[in-house]
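The following exercises concern a predicted model. Each task is followed by a solution worked in steps.

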Number of protein chains: 2
Amino acid sequence: MISRNIRIVLVGPTHPGNIGAAARAMKNMSLDRLFLVQPKIYPSAEATARASGADDLLAACRVCDTLDEAIDGCSLVAATTARVRALRWPQYTPREAGERIVTHARQAEVAVLFGREHSGLTNEELDRCQWMINIPSNPAFSSLNLGAAVQVICYEILSATPAQAFVDTADEFTPFATAEEIEHYYRHLETVLARLDFLDPANPRHLMRRLRRLYNRAQLDRNETNILRGILTAIERKIT
Amino acid sequence: MISRNIRIVLVGPTHPGNIGAAARAMKNMSLDRLFLVQPKIYPSAEATARASGADDLLAACRVCDTLDEAIDGCSLVAATTARVRALRWPQYTPREAGERIVTHARQAEVAVLFGREHSGLTNEELDRCQWMINIPSNPAFSSLNLGAAVQVICYEILSATPAQAFVDTADEFTPFATAEEIEHYYRHLETVLARLDFLDPANPRHLMRRLRRLYNRAQLDRNETNILRGILTAIERKIT
(Lines give C-alpha, C1' and ligand atoms only; values in the text may rest on other atoms or scores of the structure.)
Protein backbone atom coordinates (compact mmCIF):
# COMPACT_ATOMS: atom_id res chain seq x y z
CA MET A 1 0.00 0.00 0.00
CA ILE A 2 1.27 3.38 -1.03
CA SER A 3 0.52 5.18 2.24
CA ARG A 4 2.75 2.74 4.13
CA ASN A 5 5.71 4.10 2.25
CA ILE A 6 5.04 7.76 2.99
CA ARG A 7 6.11 9.40 6.22
CA ILE A 8 5.45 12.93 7.33
CA VAL A 9 8.37 14.33 9.32
CA LEU A 10 7.95 17.39 11.52
CA VAL A 11 11.37 18.80 12.36
CA GLY A 12 11.59 20.65 15.69
CA PRO A 13 7.90 21.60 16.04
CA THR A 14 7.39 24.18 18.80
CA HIS A 15 3.63 24.14 19.35
CA PRO A 16 2.03 20.85 20.33
CA GLY A 17 -1.28 22.04 18.84
CA ASN A 18 0.37 21.91 15.43
CA ILE A 19 1.45 18.32 15.98
CA GLY A 20 -2.16 17.39 16.71
CA ALA A 21 -3.43 19.33 13.68
CA ALA A 22 -0.86 17.58 11.48
CA ALA A 23 -1.97 14.17 12.77
CA ARG A 24 -5.60 14.97 12.05
CA ALA A 25 -4.81 16.26 8.56
CA MET A 26 -2.80 13.11 7.82
CA LYS A 27 -5.50 10.76 8.99
CA ASN A 28 -8.15 12.70 7.06
CA MET A 29 -6.02 12.19 3.95
CA SER A 30 -5.42 8.47 4.63
CA LEU A 31 -1.81 8.78 5.76
CA ASP A 32 -0.63 7.48 9.11
CA ARG A 33 3.14 7.51 9.55
CA LEU A 34 4.12 10.53 11.61
CA PHE A 35 7.71 11.22 12.72
CA LEU A 36 8.74 13.99 15.11
CA VAL A 37 12.33 15.19 15.35
CA GLN A 38 13.06 16.82 18.72
CA PRO A 39 9.60 18.23 19.35
CA LYS A 40 9.77 20.98 21.96
CA ILE A 41 6.75 19.75 23.92
CA TYR A 42 5.52 16.22 23.42
CA PRO A 43 3.40 14.36 24.39
CA SER A 44 0.88 17.02 25.26
CA ALA A 45 -2.81 17.30 25.99
CA GLU A 46 -3.03 20.10 23.44
CA ALA A 47 -1.71 17.83 20.71
CA THR A 48 -4.26 15.19 21.62
CA ALA A 49 -7.10 17.70 21.68
CA ARG A 50 -6.25 19.10 18.26
CA ALA A 51 -5.78 15.61 16.81
CA SER A 52 -9.47 15.16 17.55
CA GLY A 53 -9.84 11.46 16.86
CA ALA A 54 -6.46 10.99 15.21
CA ASP A 55 -4.87 10.20 18.55
CA ASP A 56 -4.05 6.72 17.24
CA LEU A 57 -1.56 8.41 14.90
CA LEU A 58 -0.04 10.28 17.82
CA ALA A 59 0.20 7.09 19.85
CA ALA A 60 2.01 5.39 16.99
CA CYS A 61 4.25 8.29 16.02
CA ARG A 62 8.02 8.00 16.22
CA VAL A 63 9.89 10.60 18.24
CA CYS A 64 13.45 10.87 16.96
CA ASP A 65 16.61 12.54 18.25
CA THR A 66 17.98 13.25 14.82
CA LEU A 67 16.76 13.85 11.30
CA ASP A 68 18.92 10.93 10.16
CA GLU A 69 16.90 8.62 12.31
CA ALA A 70 13.61 9.98 10.93
CA ILE A 71 14.56 9.54 7.29
CA ASP A 72 16.33 6.23 7.70
CA GLY A 73 15.37 3.89 4.88
CA CYS A 74 13.88 6.60 2.66
CA SER A 75 15.08 6.92 -0.90
CA LEU A 76 13.22 10.14 -1.55
CA VAL A 77 13.31 13.05 0.88
CA ALA A 78 11.41 16.22 -0.02
CA ALA A 79 11.04 19.40 2.00
CA THR A 80 8.18 21.87 2.13
CA THR A 81 8.87 25.56 2.08
CA ALA A 82 6.92 28.73 1.52
CA ARG A 83 9.96 30.62 0.34
CA VAL A 84 11.61 29.90 -2.97
CA ARG A 85 15.14 28.90 -2.04
CA ALA A 86 17.98 30.06 -4.17
CA LEU A 87 19.64 27.53 -6.41
CA ARG A 88 20.42 23.91 -6.03
CA TRP A 89 17.10 22.32 -5.36
CA PRO A 90 14.45 21.55 -7.92
CA GLN A 91 11.19 23.15 -6.87
CA TYR A 92 7.78 21.58 -7.41
CA THR A 93 4.24 22.69 -6.74
CA PRO A 94 2.28 20.60 -4.22
CA ARG A 95 0.43 19.03 -7.15
CA GLU A 96 3.59 17.97 -8.96
CA ALA A 97 5.06 16.82 -5.67
CA GLY A 98 1.97 14.74 -4.85
CA GLU A 99 2.36 12.86 -8.12
CA ARG A 100 6.09 12.32 -7.65
CA ILE A 101 5.65 11.16 -4.07
CA VAL A 102 2.94 8.68 -4.97
CA THR A 103 4.91 7.34 -7.93
CA HIS A 104 7.96 6.84 -5.78
CA ALA A 105 6.01 5.31 -2.92
CA ARG A 106 4.84 2.45 -5.12
CA GLN A 107 8.35 1.05 -4.85
CA ALA A 108 10.18 2.71 -2.00
CA GLU A 109 9.96 4.92 1.05
CA VAL A 110 9.46 8.66 0.97
CA ALA A 111 9.84 11.29 3.69
CA VAL A 112 8.27 14.71 3.46
CA LEU A 113 9.87 17.22 5.81
CA PHE A 114 8.24 20.22 7.44
CA GLY A 115 10.46 22.71 9.25
CA ARG A 116 10.16 24.63 12.51
CA GLU A 117 7.30 27.12 12.78
CA HIS A 118 9.54 30.17 12.82
CA SER A 119 12.90 29.20 11.43
CA GLY A 120 12.13 26.40 8.97
CA LEU A 121 14.85 23.92 8.10
CA THR A 122 18.58 24.52 8.42
CA ASN A 123 20.84 24.29 5.41
CA GLU A 124 22.27 21.05 6.79
CA GLU A 125 18.76 19.61 6.92
CA LEU A 126 17.98 20.81 3.41
CA ASP A 127 21.12 19.08 2.23
CA ARG A 128 19.38 15.80 2.91
CA CYS A 129 16.58 16.59 0.45
CA GLN A 130 16.29 15.77 -3.23
CA TRP A 131 13.88 18.57 -3.93
CA MET A 132 11.58 21.15 -2.44
CA ILE A 133 7.85 21.66 -2.46
CA ASN A 134 6.81 25.23 -2.82
CA ILE A 135 3.30 25.96 -1.60
CA PRO A 136 1.96 28.89 -3.62
CA SER A 137 1.11 31.81 -1.38
CA ASN A 138 0.58 35.50 -0.95
CA PRO A 139 4.04 37.06 -1.32
CA ALA A 140 3.14 39.51 1.45
CA PHE A 141 1.99 36.79 3.87
CA SER A 142 3.58 33.56 2.85
CA SER A 143 4.09 31.60 6.04
CA LEU A 144 1.45 28.92 6.42
CA ASN A 145 0.54 27.40 9.73
CA LEU A 146 2.38 24.08 10.10
CA GLY A 147 -0.83 22.04 10.29
CA ALA A 148 -2.21 23.86 7.24
CA ALA A 149 0.94 23.11 5.24
CA VAL A 150 0.70 19.43 6.18
CA GLN A 151 -2.97 19.53 5.12
CA VAL A 152 -2.19 20.88 1.65
CA ILE A 153 0.59 18.38 0.96
CA CYS A 154 -1.38 15.39 2.27
CA TYR A 155 -4.38 16.51 0.22
CA GLU A 156 -2.24 16.46 -2.93
CA ILE A 157 -0.82 13.06 -2.01
CA LEU A 158 -4.32 11.66 -1.61
CA SER A 159 -5.45 13.37 -4.82
CA ALA A 160 -2.58 11.71 -6.68
CA THR A 161 -3.33 8.30 -5.19
CA PRO A 162 -5.24 5.97 -7.51
CA ALA A 163 -8.94 5.66 -6.99
CA GLN A 164 -9.35 3.08 -4.24
CA ALA A 165 -8.79 5.74 -1.59
CA PHE A 166 -11.58 7.95 -2.78
CA VAL A 167 -15.16 8.03 -1.73
CA ASP A 168 -17.36 6.23 -4.18
CA THR A 169 -19.96 8.59 -5.54
CA ALA A 170 -21.81 6.10 -7.71
CA ASP A 171 -24.79 5.36 -5.53
CA GLU A 172 -28.53 5.53 -5.89
CA PHE A 173 -28.76 8.11 -8.63
CA THR A 174 -31.93 8.57 -10.61
CA PRO A 175 -31.20 7.86 -14.26
CA PHE A 176 -30.91 10.83 -16.57
CA ALA A 177 -33.89 11.51 -18.77
CA THR A 178 -33.49 10.20 -22.29
CA ALA A 179 -33.43 12.55 -25.27
CA GLU A 180 -36.91 11.35 -26.15
CA GLU A 181 -38.35 12.07 -22.71
CA ILE A 182 -36.84 15.53 -22.77
CA GLU A 183 -38.26 16.15 -26.24
CA HIS A 184 -41.72 15.21 -25.00
CA TYR A 185 -41.31 17.68 -22.19
CA TYR A 186 -40.33 20.50 -24.56
CA ARG A 187 -43.32 19.80 -26.80
CA HIS A 188 -45.65 19.74 -23.84
CA LEU A 189 -44.10 23.00 -22.56
CA GLU A 190 -44.56 24.70 -25.92
CA THR A 191 -48.22 23.68 -26.04
CA VAL A 192 -48.89 25.04 -22.56
CA LEU A 193 -47.02 28.29 -23.20
CA ALA A 194 -49.13 28.81 -26.31
CA ARG A 195 -52.30 28.30 -24.30
CA LEU A 196 -50.99 30.83 -21.78
CA ASP A 197 -50.48 33.29 -24.66
CA PHE A 198 -46.89 33.51 -23.53
CA LEU A 199 -45.23 32.60 -26.84
CA ASP A 200 -44.56 35.39 -29.28
CA PRO A 201 -46.72 34.30 -32.27
CA ALA A 202 -44.29 36.04 -34.63
CA ASN A 203 -41.32 34.13 -33.30
CA PRO A 204 -42.35 31.18 -31.13
CA ARG A 205 -39.06 29.39 -31.60
CA HIS A 206 -37.04 32.09 -29.93
CA LEU A 207 -38.43 31.55 -26.44
CA MET A 208 -38.29 27.80 -26.80
CA ARG A 209 -34.64 27.99 -27.74
CA ARG A 210 -33.83 29.91 -24.58
CA LEU A 211 -35.76 27.49 -22.42
CA ARG A 212 -34.12 24.50 -24.05
CA ARG A 213 -30.74 25.98 -23.34
CA LEU A 214 -31.63 26.47 -19.72
CA TYR A 215 -32.98 22.95 -19.13
CA ASN A 216 -30.32 21.26 -21.20
CA ARG A 217 -27.72 22.87 -19.00
CA ALA A 218 -29.33 21.35 -15.94
CA GLN A 219 -29.11 17.81 -17.38
CA LEU A 220 -32.54 16.66 -16.19
CA ASP A 221 -33.07 13.30 -14.61
CA ARG A 222 -36.18 11.20 -15.08
CA ASN A 223 -37.89 12.26 -11.84
CA GLU A 224 -37.37 15.90 -12.60
CA THR A 225 -38.78 15.53 -16.07
CA ASN A 226 -41.84 13.86 -14.57
CA ILE A 227 -42.26 16.68 -12.05
CA LEU A 228 -42.00 19.34 -14.76
CA ARG A 229 -44.56 17.55 -16.91
CA GLY A 230 -46.81 17.14 -13.87
CA ILE A 231 -46.75 20.90 -13.38
CA LEU A 232 -47.72 21.42 -17.03
CA THR A 233 -50.65 19.03 -16.63
CA ALA A 234 -51.75 20.85 -13.46
CA ILE A 235 -51.72 24.13 -15.39
CA GLU A 236 -53.79 22.63 -18.20
CA ARG A 237 -56.39 21.47 -15.71
CA LYS A 238 -56.74 24.91 -14.20
CA ILE A 239 -56.73 27.26 -17.15
CA THR A 240 -59.97 28.31 -18.69
CA MET B 1 -9.71 41.60 -9.43
CA ILE B 2 -10.79 38.02 -8.99
CA SER B 3 -10.20 37.79 -5.23
CA ARG B 4 -12.55 40.71 -4.67
CA ASN B 5 -15.38 38.60 -6.02
CA ILE B 6 -14.76 35.61 -3.79
CA ARG B 7 -16.08 35.41 -0.28
CA ILE B 8 -15.52 32.65 2.25
CA VAL B 9 -18.60 32.15 4.41
CA LEU B 10 -18.36 30.25 7.70
CA VAL B 11 -21.85 29.24 8.78
CA GLY B 12 -22.32 28.92 12.55
CA PRO B 13 -18.69 28.28 13.52
CA THR B 14 -18.41 27.07 17.12
CA HIS B 15 -14.71 27.41 17.88
CA PRO B 16 -13.16 30.85 17.57
CA GLY B 17 -9.77 29.24 16.95
CA ASN B 18 -11.13 27.91 13.67
CA ILE B 19 -12.21 31.38 12.62
CA GLY B 20 -8.67 32.60 13.16
CA ALA B 21 -7.21 29.62 11.32
CA ALA B 22 -9.56 30.26 8.39
CA ALA B 23 -8.51 33.91 8.25
CA ARG B 24 -4.86 32.97 8.21
CA ALA B 25 -5.39 30.34 5.51
CA MET B 26 -7.29 32.87 3.39
CA LYS B 27 -4.65 35.56 3.67
CA ASN B 28 -1.89 33.06 2.92
CA MET B 29 -3.78 32.23 -0.26
CA SER B 30 -4.41 35.88 -1.22
CA LEU B 31 -8.09 35.97 -0.34
CA ASP B 32 -9.50 38.50 2.07
CA ARG B 33 -13.32 38.55 2.19
CA LEU B 34 -14.48 36.62 5.24
CA PHE B 35 -18.15 36.37 6.27
CA LEU B 36 -19.39 34.79 9.49
CA VAL B 37 -23.01 33.73 9.95
CA GLN B 38 -23.99 33.60 13.63
CA PRO B 39 -20.58 32.65 15.02
CA LYS B 40 -20.98 31.19 18.51
CA ILE B 41 -18.11 33.20 20.02
CA TYR B 42 -16.78 36.22 18.19
CA PRO B 43 -14.75 38.38 18.47
CA SER B 44 -12.35 36.36 20.56
CA ALA B 45 -8.71 36.50 21.63
CA GLU B 46 -8.33 32.92 20.47
CA ALA B 47 -9.43 33.83 16.93
CA THR B 48 -6.91 36.66 16.87
CA ALA B 49 -4.13 34.44 18.18
CA ARG B 50 -4.74 31.75 15.58
CA ALA B 51 -5.05 34.34 12.80
CA SER B 52 -1.41 35.13 13.58
CA GLY B 53 -0.94 38.23 11.43
CA ALA B 54 -4.18 37.91 9.50
CA ASP B 55 -5.98 39.98 12.10
CA ASP B 56 -6.69 42.59 9.40
CA LEU B 57 -9.03 40.04 7.79
CA LEU B 58 -10.77 39.48 11.10
CA ALA B 59 -11.15 43.21 11.62
CA ALA B 60 -12.74 43.55 8.17
CA CYS B 61 -14.90 40.43 8.32
CA ARG B 62 -18.68 40.69 8.10
CA VAL B 63 -20.73 39.12 10.87
CA CYS B 64 -24.21 38.29 9.55
CA ASP B 65 -27.45 37.24 11.20
CA THR B 66 -28.58 35.15 8.27
CA LEU B 67 -27.10 33.19 5.41
CA ASP B 68 -29.15 35.36 3.04
CA GLU B 69 -27.24 38.37 4.19
CA ALA B 70 -23.90 36.64 3.70
CA ILE B 71 -24.60 35.52 0.13
CA ASP B 72 -26.41 38.67 -0.95
CA GLY B 73 -25.26 39.65 -4.44
CA CYS B 74 -23.62 36.30 -5.18
CA SER B 75 -24.62 34.46 -8.34
CA LEU B 76 -22.64 31.35 -7.53
CA VAL B 77 -22.95 29.70 -4.13
CA ALA B 78 -20.97 26.51 -3.51
CA ALA B 79 -20.76 24.42 -0.35
CA THR B 80 -17.97 22.30 0.99
CA THR B 81 -18.75 18.90 2.41
CA ALA B 82 -16.84 15.82 3.43
CA ARG B 83 -19.83 13.56 2.94
CA VAL B 84 -21.19 12.68 -0.45
CA ARG B 85 -24.83 13.68 -0.29
CA ALA B 86 -27.34 11.22 -1.62
CA LEU B 87 -29.40 13.79 -3.44
CA ARG B 88 -28.14 15.02 -6.68
CA TRP B 89 -26.13 18.17 -6.42
CA PRO B 90 -23.28 18.27 -8.82
CA GLN B 91 -20.14 17.34 -6.89
CA TYR B 92 -16.73 18.68 -7.75
CA THR B 93 -13.27 18.04 -6.43
CA PRO B 94 -11.52 21.02 -4.86
CA ARG B 95 -9.43 21.29 -8.01
CA GLU B 96 -12.42 21.44 -10.35
CA ALA B 97 -14.15 23.79 -7.94
CA GLY B 98 -11.13 26.12 -7.83
CA GLU B 99 -11.25 26.47 -11.60
CA ARG B 100 -14.99 27.04 -11.67
CA ILE B 101 -14.87 29.58 -8.87
CA VAL B 102 -12.08 31.56 -10.51
CA THR B 103 -13.83 31.52 -13.88
CA HIS B 104 -17.06 32.75 -12.36
CA ALA B 105 -15.31 35.38 -10.26
CA ARG B 106 -14.04 37.13 -13.37
CA GLN B 107 -17.58 38.37 -13.93
CA ALA B 108 -19.57 38.01 -10.76
CA GLU B 109 -19.55 37.26 -7.08
CA VAL B 110 -19.02 33.84 -5.57
CA ALA B 111 -19.65 32.57 -2.04
CA VAL B 112 -18.04 29.38 -0.75
CA LEU B 113 -19.86 28.01 2.30
CA PHE B 114 -18.38 26.00 5.13
CA GLY B 115 -20.76 24.42 7.64
CA ARG B 116 -20.71 24.01 11.38
CA GLU B 117 -17.91 21.92 12.88
CA HIS B 118 -20.18 19.11 14.00
CA SER B 119 -23.39 19.35 12.09
CA GLY B 120 -22.39 20.89 8.77
CA LEU B 121 -25.04 22.73 6.76
CA THR B 122 -28.79 22.21 7.02
CA ASN B 123 -30.82 21.12 4.03
CA GLU B 124 -32.32 24.61 3.84
CA GLU B 125 -28.81 26.04 3.61
CA LEU B 126 -27.80 23.52 0.97
CA ASP B 127 -30.87 24.54 -1.02
CA ARG B 128 -29.14 27.86 -1.66
CA CYS B 129 -26.18 26.19 -3.34
CA GLN B 130 -25.57 25.42 -7.00
CA TRP B 131 -23.10 22.66 -6.30
CA MET B 132 -20.95 20.98 -3.72
CA ILE B 133 -17.23 20.62 -3.23
CA ASN B 134 -16.21 17.25 -2.03
CA ILE B 135 -12.82 17.20 -0.35
CA PRO B 136 -11.38 13.74 -0.92
CA SER B 137 -10.78 12.03 2.39
CA ASN B 138 -10.35 8.85 4.34
CA PRO B 139 -13.80 7.22 4.40
CA ALA B 140 -13.17 6.14 7.99
CA PHE B 141 -12.15 9.61 9.16
CA SER B 142 -13.56 12.11 6.77
CA SER B 143 -14.30 15.19 8.83
CA LEU B 144 -11.63 17.82 8.27
CA ASN B 145 -10.96 20.57 10.74
CA LEU B 146 -12.76 23.70 9.57
CA GLY B 147 -9.56 25.71 9.14
CA ALA B 148 -7.98 22.83 7.23
CA ALA B 149 -10.94 22.63 4.85
CA VAL B 150 -10.73 26.37 4.21
CA GLN B 151 -7.00 25.93 3.58
CA VAL B 152 -7.52 23.25 0.92
CA ILE B 153 -10.20 25.21 -0.94
CA CYS B 154 -8.30 28.50 -0.83
CA TYR B 155 -5.17 26.71 -1.99
CA GLU B 156 -7.05 25.42 -5.03
CA ILE B 157 -8.51 28.86 -5.71
CA LEU B 158 -5.05 30.40 -5.66
CA SER B 159 -3.67 27.57 -7.80
CA ALA B 160 -6.40 28.23 -10.38
CA THR B 161 -5.88 31.97 -10.42
CA PRO B 162 -3.83 33.18 -13.38
CA ALA B 163 -0.65 35.00 -12.44
CA GLN B 164 -2.00 38.44 -13.33
CA ALA B 165 -5.63 38.06 -12.38
CA PHE B 166 -7.18 41.27 -13.57
CA VAL B 167 -10.30 42.33 -15.35
CA ASP B 168 -11.29 40.55 -18.51
CA THR B 169 -12.00 42.89 -21.38
CA ALA B 170 -15.70 43.71 -21.59
CA ASP B 171 -17.21 40.49 -22.78
CA GLU B 172 -20.84 40.47 -23.78
CA PHE B 173 -22.72 38.36 -21.33
CA THR B 174 -26.01 38.42 -19.52
CA PRO B 175 -25.30 38.80 -15.84
CA PHE B 176 -26.08 35.81 -13.66
CA ALA B 177 -29.12 36.16 -11.46
CA THR B 178 -28.21 37.07 -7.90
CA ALA B 179 -29.15 34.92 -4.93
CA GLU B 180 -31.91 37.36 -4.12
CA GLU B 181 -33.45 37.31 -7.61
CA ILE B 182 -33.38 33.54 -7.58
CA GLU B 183 -35.00 33.48 -4.17
CA HIS B 184 -37.84 35.68 -5.48
CA TYR B 185 -38.33 33.27 -8.31
CA TYR B 186 -38.57 30.29 -5.95
CA ARG B 187 -41.09 32.08 -3.76
CA HIS B 188 -43.16 33.01 -6.78
CA LEU B 189 -42.95 29.44 -8.05
CA GLU B 190 -44.08 28.03 -4.71
CA THR B 191 -47.08 30.39 -4.64
CA VAL B 192 -48.16 29.37 -8.12
CA LEU B 193 -47.68 25.66 -7.47
CA ALA B 194 -49.88 26.01 -4.39
CA ARG B 195 -52.56 27.69 -6.45
CA LEU B 196 -52.28 24.86 -8.97
CA ASP B 197 -52.81 22.37 -6.11
CA PHE B 198 -49.57 20.79 -7.16
CA LEU B 199 -47.76 21.00 -3.84
CA ASP B 200 -48.27 18.17 -1.40
CA PRO B 201 -49.87 19.98 1.54
CA ALA B 202 -48.34 17.42 3.90
CA ASN B 203 -44.82 18.03 2.65
CA PRO B 204 -44.58 21.14 0.48
CA ARG B 205 -40.82 21.53 1.04
CA HIS B 206 -39.98 18.28 -0.64
CA LEU B 207 -41.05 19.35 -4.12
CA MET B 208 -39.50 22.78 -3.72
CA ARG B 209 -36.20 21.21 -2.75
CA ARG B 210 -36.14 19.13 -5.91
CA LEU B 211 -37.00 22.11 -8.07
CA ARG B 212 -34.37 24.27 -6.40
CA ARG B 213 -31.77 21.66 -7.06
CA LEU B 214 -32.73 21.50 -10.70
CA TYR B 215 -32.64 25.25 -11.27
CA ASN B 216 -29.58 25.82 -9.12
CA ARG B 217 -27.73 23.35 -11.27
CA ALA B 218 -28.59 25.35 -14.37
CA GLN B 219 -27.06 28.55 -12.91
CA LEU B 220 -29.77 30.91 -14.16
CA ASP B 221 -28.93 34.22 -15.75
CA ARG B 222 -31.05 37.30 -15.27
CA ASN B 223 -32.95 36.97 -18.58
CA GLU B 224 -33.87 33.42 -17.82
CA THR B 225 -35.11 34.31 -14.36
CA ASN B 226 -37.27 36.99 -15.94
CA ILE B 227 -38.67 34.55 -18.49
CA LEU B 228 -39.48 32.00 -15.80
CA ARG B 229 -41.20 34.62 -13.67
CA GLY B 230 -43.07 35.84 -16.75
CA ILE B 231 -44.43 32.35 -17.27
CA LEU B 232 -45.60 32.25 -13.64
CA THR B 233 -47.38 35.58 -14.08
CA ALA B 234 -49.05 34.31 -17.26
CA ILE B 235 -50.28 31.26 -15.35
CA GLU B 236 -51.66 33.45 -12.55
CA ARG B 237 -53.59 35.52 -15.09
CA LYS B 238 -55.22 32.47 -16.62
CA ILE B 239 -56.13 30.33 -13.67
CA THR B 240 -59.52 30.67 -12.18
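**Exercise 1.** How many residue pairs are in polar contact across the interface of chain A and chain B, both residues being at pLDDT 80 or more?

*Solution.* The rule finds 22 such residue pairs between chain A and chain B. On the side of chain A that touches chain B, H10(A) supplies the largest share, with 9 residues. Next, consider the charged pairs: the count between the two chains is 5 salt bridges. Asp197(A) forms a salt bridge with Lys238(B), with 2.6 Å between the closest N and O atoms.

**Exercise 2.** Determine the extent of the interface between chain A and chain B.

*Solution.* Begin with contacts: 63 residues of chain A touch 57 residues of chain B. Then take the area: about 5400 Å² is buried between the chains, 61% of it on carbon and sulfur atoms. Finally, in chain A, the residues that lose the most area to chain B are Phe141(A), Tyr155(A) and Lys238(A), together 14% of what that side buries.

**Exercise 3.** Establish the surroundings of strand E2 (residues 33-37) of chain B, and explain why it is largely enclosed.

*Solution.* First, identify the strand partners. E2(B) pairs in the parallel sense with strand E1 (residues 6-11) of chain B over 5 bridges, and Arg33(B) in E2(B) stands opposite Arg7(B). E2(B) also runs parallel to strand E3 (residues 62-64) of chain B, joined by 3 bridges; here Val37(B) has Cys64(B) as its bridge partner. Second, trace the connection: E1(B), helix H1 (residues 16-28) of chain B and E2(B) make a right-handed β-α-β unit. Third, assess burial: 4 of the 5 residues of E2(B) are buried, so the strand is largely enclosed by the rest of the structure.

Key: Residues numbered from 1 in each chain as written. Chains lettered and ligands numbered in written order. Predicted model: local features only at pLDDT ≥ 70, side-chain atom pairs only at ≥ 80, totals over all residues. Heavy atoms only, no water. Buried < 20%, exposed > 50% of the residue type's maximum accessible area, 1.4 Å probe, protein only. Helix = DSSP H or I, 4+ residues; strand = E, 2+ residues; numbered from the N terminus. Pairing = 2+ DSSP bridges. Right-handed = clockwise from strand over helix to strand, strands pointing away. Contact = heavy atoms within 4.5 Å. Buried area = accessible area lost by both parts, 1.4 Å probe. Salt bridge = Lys/Arg side-chain N within 4 Å of Asp/Glu carboxyl O. Polar contact = N/O pair within 3.5 Å; in protein donor to acceptor, adjacent residues only side chain to side chain.
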